[in-house]
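Please open the model in your viewer and keep the sequence panel beside it, because each stop on this tour begins with something to select.

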Protein chains: 2
Amino acid sequence: MQSFKVVIAYDGTDLVGWQRQAAGVSIQGLLEDALRALDERDVTVVGAGRTDAGVHALGQVAAFTLARPLPPESILRALNARLPDAVRVLSAEHAAASFNPRFDARSKTYRYRILNGPVKDPFERRYAWHIAGTLDIAAMDAAARLLEGPHDFAAFRSSGTEVKSTERQILTSRIADCGLRIYCGFEDFHDQSAITNQSAILNPQSAMRLLVYTVEGTGFLRHMVRAIVGSLVEIGLGRREPAWITQLLASRDRAAAGPTAPAEGLFLVRVQYGDAVAAER
Amino acid sequence: MQSFKVVIAYDGTDLVGWQRQAAGVSIQGLLEDALRALDERDVTVVGAGRTDAGVHALGQVAAFTLARPLPPESILRALNARLPDAVRVLSAEHAAASFNPRFDARSKTYRYRILNGPVKDPFERRYAWHIAGTLDIAAMDAAARLLEGPHDFAAFRSSGTEVKSTERQILTSRIADCGLRIYCGFEDFHDQSAITNQSAILNPQSAMRLLVYTVEGTGFLRHMVRAIVGSLVEIGLGRREPAWITQLLASRDRAAAGPTAPAEGLFLVRVQYGDAVAAER
């Protein structure tokens, strides 16, 4: 018996989330089905983070144990040959039998993409939250930073979920202004004058500003990142001051916080483990 | 009665193409249904290019005539409110009653996106052709340039279609190397060190090279751009020399050319008309 660690990327738009469900296609289900064909027995796959329906991953981590002695490269190729192209295994390696991607994780990093502009971009609708109103990015970033540190995040949990503690440690919480993006991907043009002319022919207001919220923490409550983003957008739209975030933390009241931001903007970016975390810092 | 010209972008992945069909959702059908609701009568929409199923547009042009006197801004807003978010109207303006987007076009520009790298990117699978083998970009560009000028493109037409002439005038035909793209969109990160670390954690081979084929012509045969791209990729993979393109043109034989490239990489970028063309040059 040999255990493996894999890193997986997926477009979650048409999936019911990480966890196997009674109906619909899940990432765990796709991997377990592919591994059953490969190992000719039932295989259980454990993931680092249980992403919800519609949420994406750039670096989800999963583990499983196989009876057949296969080199990691063969597992990577065999899985990618069987998986739909919305789900790709990016790397595979041997792991200790004791490796648990969820409980061994030192921290997880999520990002949330917001596109701010007048018209929703058809090529980004699956991968970003479109906000038409003007956003105060500096206020959003000031508010985001108030979440760093150990806090009780009860105000940002999913209502109806039971957990022992709602305290979590957030290491980084920042909003980055990634600048203007030419609407509909015109930036791919090598000829800059073509871009300029094209945006003149099209709606001159069509440039979109990309904001990326990055949050790294040792653990997250269900829907926590999306509840945070929903609250940061309230602040960005000028409906609340940045200090409202501190009041929300103190209130422990989910009803007081902003709406849950839609799933399409959220990406599980990476999961950090022991030595890898140390080496990176 | 007032005629209008609109510029439209769409993600064609889940659509049956521009033209209304017996089954499936077409862009023409979506626009005509939305305009019928707006004008309370049947409205016919004429498009500049009949894009096929799965083909995208950044700047398709369409025209229609309404009985209700509405300002262009209201039409833009009303259409976008009724259309699915895969289809967006980018601009709307008054047009002459005689305006025909197809026959009045001076030229059309298409681009075709190819992503070259070891593993297919789940976030690009709807918008690019993934090629795993190494591509000789200089050879592809040299071949592409041989198509500029007036030629008989019979070797690149869709088999089974009847047209009066297979001669077309190609103004520009170029392959651009748009450089490395970090796999799965990690380039959005503002922290460059995070990108580097991330790509080290993931598959070190995971960077993808983006190639963009841009072709501008006064007219195109059905499937012509995709047949050209299929042939250019044969050359890029080293199976043929660039001069093969000249032989193909002379042969007038569709069976001799490369396979038809898949729809997902193709974008109708823009349609040029009279004065706008003159002003741009």
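How many disulfides are there over all chains? The count comes to zero disulfides over all chains, and you should keep in mind throughout that this is a predicted model. To begin with cysteine, select C178(A), which is partly exposed, with a relative accessible area of 26%. Then select C178(B), which at 26% relative accessibility also counts as partly exposed.

**Stop 1: chain A as a whole**

Colour chain A by secondary structure, and look for its seven helices and ten strands. Of the 281 residues in chain A, buried residues make up 57%. The surface that chain A exposes comes to about 11,600 Å², and carbon and sulfur atoms supply 48% of that area. If you consider the contacts in chain A with a separation of 6 or more, residues 24 or more positions apart account for 75% of them.

**Stop 2: helix α2 of chain A**

Select residues 72-82 of chain A, which form helix α2. Which residues of this helix are buried? They are P72(A), I75(A), L76(A), A78(A), L79(A) and N80(A). Now show the surroundings of these side chains, and you will find that the buried residues of α2(A) pack against β1 (2-10), α1 (27-39), β3 (56-66) and β4 (87-95) of chain A.

**Stop 3: V229 in helix α5 of chain A**

Move on to helix α5 of chain A, residues 224-236, and pick out V229(A) within it. Is V229(A) buried or exposed? At 2% relative accessibility, V229(A) counts as buried, since the cut-off for buried is under 20% relative accessible area. Leaving aside neighbours within four places in sequence, V229(A) is in contact with Y112(A), I114(A), W129(A), Y213(A) and A261(A). For a sense of scale, draw a distance from the C-alpha of V229(A) to that of V61(A), two residues that are 168 residues apart in sequence and 24 Å apart in space.

**Stop 4: strands β10 and β4 of chain B**

Turn to chain B and select strand β10, residues 266-273, where eight of the eight residues are buried, so that the strand is largely enclosed by the rest of the structure. In a regular strand the side chains alternate between the two faces of the sheet. Strand β5 of chain B, residues 105-116, pairs with β10(B) in the antiparallel sense over seven bridges, and within this pairing you can select T109(B), which stands opposite R270(B). Strand β3 of chain B, residues 56-66, runs parallel to β10(B) and is joined to it by two bridges. Here the residue to select is A57(B), whose bridge partner in β10(B) is L268(B).

Next, select strand β4 of chain B, residues 87-95, which is mostly covered, with seven of its nine residues buried. Strand β1 of chain B, residues 2-10, runs antiparallel to β4(B), and eight bridges join the two. To see one such position, select A9(B), which stands opposite R88(B) in β4(B).

**Stop 5: aromatic rings**

Display the aromatic side chains of the whole model, among which there are 14 aromatic pairs over all chains. Take the rings of F267(A) and F123(B), whose centres are 5.6 Å apart and whose planes meet at 50°, so the pair is tilted. This pair crosses between chains, from F267(A) in strand β10 of chain A to F123(B) in the loop between β5 and β6 of chain B. Both partners are buried, F267(A) with a relative accessible area of 3% and F123(B) with one of 11%.

A second pair to select is Y112(B) with W129(B), which is edge-to-face, with 6.3 Å from centre to centre and 85° between the planes. Because Y112(B) lies in strand β5 of chain B and W129(B) in strand β6 of chain B, the pair ties together parts that are 17 residues apart in sequence. Y112(B) is buried, with a relative accessible area of 0%, and W129(B), at 17% relative accessibility, counts as buried too.

Finally, select F123(A), Y127(B) and F267(B), which form one aromatic cluster. Keep F267(B) in view and add R111(B), which lies over the face of that ring, at 5.3 Å from the ring centre. To end the tour, return to F267(A) and add R111(A), which lies over the face of F267(A), at 5.3 Å from the ring centre.

Notes
Residues are numbered from 1 along each chain as its sequence is written. Chains are lettered from A and ligands numbered from 1 in the order in which they are written. This is a predicted model: local features need pLDDT of at least 70, side-chain atom pairs count only at pLDDT 80 or more; totals for chains, interfaces and linings use all residues. Side-chain values use heavy atoms; hydrogens and water are left out. Buried means under 20% relative accessible area, exposed over 50%, partly exposed in between (1.4 Å probe, protein chains only). Helices (H or I, at least four residues) and strands (E, at least two) are DSSP runs, numbered from the N terminus. Contact means heavy atoms within 4.5 Å. Two strands pair if DSSP finds at least two bridges between them. Rings of Phe, Tyr and Trp (its six-membered ring) pair if their centres lie within 6.5 Å; planes under 30 degrees apart count as stacked, over 60 as edge-to-face and the rest as tilted. A charge sits over a ring if NZ of Lys or CZ of Arg is within 6 Å of the ring centre and within 35 degrees of the ring normal. Accessible areas come from the Shrake-Rupley method with a 1.4 Å probe; for residues, only the protein chains shown count as cover. A disulfide is a pair of cysteine sulfur atoms within 2.5 Å.
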